[in-house]
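Q: Could you take one part of this model and walk me through it slowly? I'm new to this, so please keep it friendly and start from a single spot before moving outwards.

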2 protein chains.
Amino acid sequence: METNLFREHERNSADFLKEILNKEGFRLTSQRQKILELFNAEGGEHHLCAEEIHQKLAEQGEKISVSTVYRALHVMVNLGLLQELELAEERKYYELRSPVLHQHHHLVCVHCGEVNEFEDAIITQVSGHETQERGFSLLNSQFTVYGICPRCQGRYIN
Amino acid sequence: METNLFREHERNSADFLKEILNKEGFRLTSQRQKILELFNAEGGEHHLCAEEIHQKLAEQGEKISVSTVYRALHVMVNLGLLQELELAEERKYYELRSPVLHQHHHLVCVHCGEVNEFEDAIITQVSGHETQERGFSLLNSQFTVYGICPRCQGRYIN
DNA sequence: GTTCCTGCAAAAGTTTTGCAAAAAT
DNA sequence: ATTTTTGCAAAACTTTTGCAGGAAC
């Protein structure tokens, strides 16, 4: 069961991205491709912030400026490829966008920052119910649970 | 049915605040009192950011610096009096903290920024379930639904 | 060829911090 | 009297923007 828009087209990821971009008058650039590849790399980080993206690409020898990263992230959010997350931190994180029905949510340890993901169809139902009741259209939802993970419970919590 | 920690002690709100502060080695100051009074004022804004707090207090003739507002907000979050919200905006918002069982959540119009609140016990149940399953202790949770409100649906969405 | 995109550096906006004076305990 | 808190100004950090050169269409 695939849960992200991008992986479904992995074989021709560049073509797929180009199509999506061009449809809206944007252009395919190597920088945008590299950023999306980073998100798509399996086993890697799921949640990335602009600075992390910039640094990881720099480590791979890619030349890309921070402002380009920010601009690319905005474009991809607007195209529906990425979703912006508000975790416990001061900066914004991004992840590949899941279709609403397979959306996952986050359980964050406020002590060590560990992030767990989970899915729950009820959350989607509640989103649909609340939006319908007020005549809103539903775009997406974000559910974040904060707690202290088992490892950190043993330590003194400041 | 009271839903916030502060209102329960409204008659002696200053004493109540002082007690909470002193218990942790903090001191009661007029600035901290004024900030909490602002949140507690009924019919007022529920969600306030640092700059709004600073401005509203200035309008009332209170002298308080922005840095004091930030410092007071941090103290009150740590004491459990306020909760930090990550709405759709670039800055952080705060509201009086509700006991977990009566927590409310937010429905945000991404176009005009209108914020609706709602309660749903199922959200609390899911929070409890997910934390227990992974051995986390539950601190709180935040559920935000993004959509477009009825008024904005008629307009062109950029 | 035209339009969009990038990189750079500078700017903007929010939040934090160092320090001396003031206030709370 | 001691310790915390405040206000101010400066700094730190994330994010945005203007502009000229370069790349994609």
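A: Here is a walk that starts at one residue, moves out to the strands and the two chains, and ends at the DNA.

Keep in mind that this is a predicted model. Our starting spot is A:Asn140, which sits in strand β6 of chain A. Is A:Asn140 buried or exposed? A:Asn140 counts as buried because its relative accessible area is 16%, and the cut-off for buried is under 20%.

So who are its neighbours? If you skip the residues within four places in sequence, A:Asn140 touches A:Gln83 and A:Gln103 from chain A, plus B:Thr144, B:Val145 and B:Tyr146 from chain B. Let's follow one of those, B:Tyr146. Directly opposite A:Asn140, in β6(B), stands B:Tyr146. That pair belongs to a bigger pattern: β6 of chain A (residues 137-148) and β6(B) are joined by 11 bridges, and the two strands run antiparallel.

Now look at B:Tyr146 from inside chain B. B:Val108 stands opposite B:Tyr146 too. Here the partner strand is β4 of chain B (residues 104-109), which is joined to β6(B) by four bridges and runs parallel to it. So β6(B) pairs with β6 of chain A in an antiparallel way, and with β4 of chain B in a parallel way. As for cover, β6 of chain B (residues 137-148) is mostly tucked away, with nine of its 12 residues buried.

Next, zoom out to the two chains. To lay chain B over chain A, you rotate it by 179° with 0.0 Å of shift along the axis, and the RMSD is 0.2 Å. The two copies are thus related as by a two-fold rotation axis. Which residue of chain B comes closest to the rotation axis? That is B:Phe143, with its C-alpha at 2.2 Å. The copies also meet through the same surface, because 97% of the interface residues of chain B are interface residues in chain A as well.

What does a chain look like as a whole? Take chain A: its secondary structure comes to six helices and six strands. Reading from the N terminus, the order is α-α-β-α-α-β-β-β-β-α-β-α. Chain A has 158 residues, and 43% of them count as buried. Among its contacts with a separation of 6 or more, 52% are between residues 24 or more positions apart.

Finally, the DNA. Let's begin with DNA strand D. There are 21 residues around DNA strand D, and the nearest are A:Arg27, A:Tyr70, A:His74, B:Arg27 and B:Thr68. Both chains help out: α1 (13-23) and α4 (66-78) of chain A, along with α2 (30-40) and α4 (66-78) of chain B, each supply at least two residues of the surface near this strand. The element that gives the most is α4(A), with four residues. Sorted by class, this surface near DNA strand D has four nonpolar, eight polar and nine charged residues.

Some of the atom pairs are worth finding on your screen. A:Arg27 has a polar side-chain atom 2.7 Å from a base nitrogen of DNA strand D. A:His74 instead points to the backbone of the DNA, with a polar side-chain atom 3.0 Å from a phosphate oxygen of DNA strand D. For A:Leu28, a backbone N or O atom lies 3.2 Å from a phosphate oxygen of DNA strand D. Of the atoms of DNA strand D within 4 Å of the protein, 69% belong to sugar or phosphate, and the rest to bases.

Now for DNA strand C. Which residues come nearest among the 21 around DNA strand C? They are A:Arg27, A:Thr68, B:Arg27, B:Tyr70 and B:His74. A:Arg27 turns up again here, with a polar side-chain atom 2.4 Å from a base oxygen of DNA strand C. Two threonines have a side-chain N or O atom by a phosphate oxygen of this strand: A:Thr29 at 2.9 Å, and A:Thr68 at 2.6 Å. Near DNA strand C, the elements giving two or more residues are α2 (30-40) and α4 of chain A together with α1 (13-23) and α4 of chain B. Here α4(B) gives the most, with four residues. For DNA strand C, 70% of the atoms within 4 Å of the protein belong to sugar or phosphate.

Definitions and conventions: Residues are numbered from 1 along each chain as its sequence is written. Chains are lettered from A and ligands numbered from 1 in the order in which they are written. This is a predicted model: local features need pLDDT of at least 70, side-chain atom pairs count only at pLDDT 80 or more; totals for chains, interfaces and linings use all residues. Side-chain values use heavy atoms; hydrogens and water are left out. Copies are superposed by least squares on the C-alpha atoms of residues with pLDDT of at least 70 in both. Contact means heavy atoms within 4.5 Å. Buried means under 20% relative accessible area, exposed over 50%, partly exposed in between (1.4 Å probe, protein chains only). Two strands pair if DSSP finds at least two bridges between them. A residue is near a molecule or strand if one of its heavy atoms lies within 4 Å of it. A polar contact is a pair of N or O atoms within 3.5 Å; within protein, one must be able to donate a hydrogen and the other to accept it, and residues adjacent in sequence count only if both atoms are side-chain atoms. Ala, Val, Leu, Ile, Met, Phe, Trp, Tyr, Cys and Pro count as nonpolar, Asp, Glu, Lys and Arg as charged, and the others, Gly among them, as polar.
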